Amino acid sequence: MSTAIEAEIDIKQPEQVGRVVTKRKPVFVKVGDLKPGTNGHTLAVKVLSATTVLDKKSRYTSSYTSRPGAAHTRISECLIGDETGTVLFTARNDQVDLMKPETTVIIRNAKIDMFKGSMRLAVDKWGRIEVTEPASFTVKEDNNLSLIEYELVNVEE
């Protein structure tokens, strides 16, 4: 009986040996092109400002916490931008250390979250932030996409 189950498992899991994974080149988007409800964005931006929103130490500071990093929660709202506009970025925990004013960062696999009807850019566990060499562009500060309020409208057919 166990061999039938093993054979069934073998059929459902194809061999991965010899498979070549080809990575595709990242497609960089501009801040001005961001839309609500989208994800998978890769951007090169400058950090203009960073404001700490939450800096909370856990009541349980022992080494027996259920998840790593649970002892300290940090959230910072950072105004980031490029030559097309600016948007608020929500940095969490270790991301806060990377998002210092006047640094240039590459944000990979970012998503748009909606907060009180306005757009916020965020990176979850599937994304990545890396500090890079200073960019040559000047940030267009008068086009803040986070100041635009959106309203969800349900359309009946």
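This is a short tour of the model, from the overall layout to the salt bridges, the main pocket and a surface patch.

Before you click on anything: this is a predicted model, where local features need pLDDT of at least 70, side-chain atom pairs count only at pLDDT 80 or more, and totals for chains, interfaces and linings use all residues. Residues are numbered from 1 along each chain as its sequence is written, and side-chain values use heavy atoms, with hydrogens and water left out.

**The whole chain.** Start in cartoon view. You'll find two helices and six strands, taken as DSSP runs (helices H or I, at least four residues; strands E, at least two) numbered from the N terminus. From that end, the order is α-β-β-β-α-β-β-β. Of the 157 residues, 28% count as buried, that is, under 20% relative accessible area, with exposed meaning over 50% and partly exposed in between (1.4 Å probe, protein chains only).

**Salt bridges.** Next, show the charged side chains. A salt bridge here is a side-chain nitrogen of Lys or Arg within 4 Å of a carboxyl oxygen of Asp or Glu, and the count comes to six. Select R74 and D97: their closest N and O atoms are 3.0 Å apart. This pair ties strand β2 (residues 72-82), home of R74, to helix α2 (residues 94-98), home of D97, across 23 residues. D97 is partly exposed at 42% relative accessible area.

Now hop to R128 and E130, bridged at 3.3 Å between the closest N and O atoms. R128 is exposed at 51%, while E130 is partly exposed at 24%. Add R108 to the selection and you have a salt-bridge network of R108, R128 and E130.

**The largest pocket.** Keep R108 and add K23, R24, K25, P26, V27, V29, G40, H41, T42 and N109 to get the lining of the largest pocket. A pocket is an open set of points on a 1 Å grid over the protein atoms alone, where a 1.4 Å probe fits, with protein on both sides within 12 Å along at least five of seven lines; lining residues have an atom within 4 Å of a point. The volume is about 330 Å³. Strands β1 (39-57) and β4 (104-115) each give at least two lining residues, with β1 supplying the largest share, three.

**Last stop.** Select I148, which sits in the segment after β6 (128-132) and is partly exposed at 35% relative accessible area.

Terms used
Grid points are joined across faces, edges and corners, and a volume is the space filled by probe spheres set on the points.
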